[in-house]
Amino acid sequence: MSAVHATAAPTPDQVVFVVDFGAQYAQLIARRVRELNVYSEIVPHTMTAAEMAARGPAAIILSGGPKSVHVDGAPLLDPAIYDLDIPTLGICYGSQLIAHQLGGRVGRNDQGEYGRTTLTVDVDTPSSLLGPDPEPNQTVWMSHFDAITDVPEGFVACASTPNAAVAVLESDSRRMWGVQYHPEVRHTPDGMSLLGRFLHDLAGCEPTWTMGSIIDHSIEAIRAQVGDGRAICGLSGGVDSAVAAALVHAAIGHRLTCVYVDTGLMRKGESEQVVETFQRHQGIELIHVRAGDRFLERLAGVSEPEAKRKTIGEVFIRVFEEASGGITDADFLVQGTLYPDVIESGTAQAAKIKSHHNVGGLPEDLDFELVEPLRNLFKDEVRQVGTKLGLPDEIVWRQPFPGPGLAVRIIGDITAEKVSILQEADAIVREEIAEAGLQREIWQAFAVLADIKTVGVMGDERTYAHPVIIRAVTSDDAMTADWARLPYDLLERMSNRIINEVDGINRVAYDITSKPPGTIEWE
Ligand code: XMP
């Protein structure tokens with residue numbers, strides 16, 4: 001039997017639905033709603049009125065989308081949803097949809113409106129959405145081509161921009177509001193207060209989604225799922241599995257056992273930190289499997305990147321099975337799946353560039369029921385929960401680290417000596433980034449060990465040793481990335497320290513490739 005999917009994710013009684021019309025904005029809107037302490041979920045635009053009514057959301061937000069309401073196949077809302085008397089806010093495409101489906105008109109503009117623009121409030125038309133005393137001219141952020149030209153019956157237009165005669169429309173009696181601009185982006189300074197007015201004042205949502213309530217709900221849900229059973233959790237050293245474990249521990253205490261497979265390919269000091277945090281600090285039962293030699297043995301002579309990943313994946317699963325096999329009475333396996341993974345699973349896969357392997361990844365034929373306490377949480381919420389549960393910043397704010405570890409940062413074959421050289425060089429890069437206060441600004445910063453040797457001179461001696469490449473990138477989601485414009489003096493400090501402090505390195509280079517065309521990792 002393969003693992004059963006279940007959820008121990010917190011789901012409070014009150015929910016706001018963000019209806020996804022296919023742009024990148026739905027996730028951002030859902031996060032903003034939660035920042036306003038209201039729980040939100042993203043739902044597909046194909047949801048029917050009956051399905052919607054069955055869940056009874058406290059409010060609905062219709063997201064933006066890339067289509068025009070006039071094209072064939074434009075995503076529409078089930079029109080019966082408009083009759084459910086649920087407070088509704090349309091944003092961008094969502095506002096055009098309200099106009100289009102309720103008898104107004106959306107025109108095709110000659111010109112779109114993208115970026116910052118000025119919203120002019122019609123001071124003679126009071127607006128519950130804009131509030132009692134709105135600034136007459138507000139900066140807002142736009143991204144649209146079509147524009148509403150006529151509002152439906154019973155609606156009023158309350159504000160305009162140079163290319164949108166109806167930038168705000170509303171009907172208090174129907175409890176529907178719409179904005180052509182994007183209140184969810186930071187470039188719209190009044191955006192959060194507008195969303196807050198909609199949620200708290202107009203829709204009457206209670207601001208109850210707080211860190212305390214997330215933790216309480218999670219603990220309750222985990223207890224309900226696990227009962228008096230036992231669970232195991234594979235720790236990777238990363239924030240997701242760490243927070244999932246800490247939450248499950250808070251719920252079921254010693255009936256959780258964590259397994260940390262130490263591949264020997266972690267960064268300097270990382271394994272010690274995981275063990276220290278979980279065993280000593282959190283008092284969590286932890287099996288620390290020191291499997292470095294086994295991984296190195298199997299990796300001997302393997303230099304092709306995909307072969308490395310495959311080898312590491314296989315060894316990892318075997319080691320994990322051996323360790324967890326000793327806990328024969330465990331029925332549950334804890335996973336740190338996040339809400340964005342849940343939203344995105346099932347979407348078409350892009351071409352395979354690398355077969356990502358997640359340490360802590362699930363062998364397919366394990367006979368466990370999954371416990372996924374982070375399934376409804378965004379990364380920023382997971383970090384806050386981790387901090388609240390007392391996890392150290394080094395784990396809560398850890399930069400992404402590939403499952404195969406340093407193996408994909410050592411070009412060519414892997415030896416214990418190379419791992420040790422890279423650990424030292426990498427530690428210097430990270431220390432200097434932290435010292436410069438750039439830790440949270442830089443998506444990832446690390447060192448790569450090249451499979452070549454170059455000539456240098458140190459003192460009067462000729463040297464012939466490996467170069468290290470520093471890679472530092474900025475990114476929002478790792479799908480695209482830009483090389484970080486690190487200050488020269490910072491790069492100089494890193495270079496001097498690496499060459500002076502790490503034996504076996506005589507040259508340092510900086511990688512100035514963005515993604516695409518490069519990938520973040522070198523293998
Ligand atoms: P690339 O190199 O594809 O990396 O631009 C994108 C992001 O994914 C991380 N990465 C991995 N993560 N297992 C993982 O769990 C892997 O095999 C793996 N390979 C790359 C990488 O660090 C970056 O954040």
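The legends below describe close-up views of a predicted model.

**View 1. The open sheet of nine strands and its edges.** In this predicted model, nine strands form an open sheet in the order 2-1-3-4-11-10-9-6-7, and their pairing is mixed. The edges are strand 2 (40–44) and strand 7 (137–144), each of which pairs on one side only. From one strand to the next, the twist averages 30 degrees.

**View 2. The pairing of strand 10 with strand 11.** Strand 10, made up of residues 164–171, runs antiparallel to strand 11, residues 176–179, and four bridges join the two. Within this pairing, Glu170 stands opposite Trp177, the latter belonging to strand 11. Helix 3 (residues 93–101) packs on the sheet and touches strand 10 and strand 11 as well as strand 3, strand 4 and strand 7, while its direction makes about 115 degrees with that of strand 4.

**View 3. Helix 1 across the sheet.** Helix 1, which spans residues 25–35, lies across strand 1 (16–20), strand 2, strand 3 (59–62), strand 4 (88–91) and strand 7. Relative to strand 2, helix 1 runs at about 155 degrees.

**View 4. The packing of helix 5 against helix 6.** Helix 5 (residues 211–226) packs with helix 6 (residues 239–252) at an angle of about 70 degrees, and the axes of the two helices are 9 Å apart. Because angles of 65 to 115 degrees count as roughly perpendicular, helix 5 is described as roughly perpendicular to helix 6. The crossing in which helix 5 passes helix 6 is right-handed. On the side of helix 5, the contact is made by Ile215, Ser218, Ile219, Ile222, Arg223 and Val226, which meet Leu247, Val248, Ala250, Ala251 and Ile252 of helix 6. By residue type, this contact of helix 5 with helix 6 comprises nine nonpolar residues, one polar residue and one charged residue.

**View 5. The buried strand 17 and its partner, strand 19.** Strand 17 covers residues 444–449, and six of its six residues are buried, so the strand is largely enclosed by the rest of the structure. In a regular strand, side chains alternate between the two faces of the sheet. In strand 17, Gln444, Phe446 and Val448 point one way, whereas Ala445, Ala447 and Leu449 point the other way, and all are buried. Strand 17 pairs with strand 19 (residues 461–474) in the antiparallel sense, over six bridges. In this pairing, Gln444 stands opposite Val473 of strand 19, and Gln444 is also one of the buried residues of strand 17.

How values were computed: Residues are numbered from 1 along each chain as its sequence is written. This is a predicted model: local features need pLDDT of at least 70, side-chain atom pairs count only at pLDDT 80 or more; totals for chains, interfaces and linings use all residues. Side-chain values use heavy atoms; hydrogens and water are left out. Two strands pair if DSSP finds at least two bridges between them. Axes are lines fitted to C-alpha atoms, for helices over the stretch in contact, and angles run from 0 to 180 degrees between N-to-C directions. Contact means heavy atoms within 4.5 Å. Angles under 35 degrees count as roughly parallel, over 145 as roughly antiparallel, 65 to 115 as roughly perpendicular and the rest as oblique. A crossing is left-handed if the near helix is turned anticlockwise from the far one by less than a right angle, and right-handed if clockwise. Ala, Val, Leu, Ile, Met, Phe, Trp, Tyr, Cys and Pro count as nonpolar, Asp, Glu, Lys and Arg as charged, and the others, Gly among them, as polar. Buried means under 20% relative accessible area, exposed over 50%, partly exposed in between (1.4 Å probe, protein chains only).
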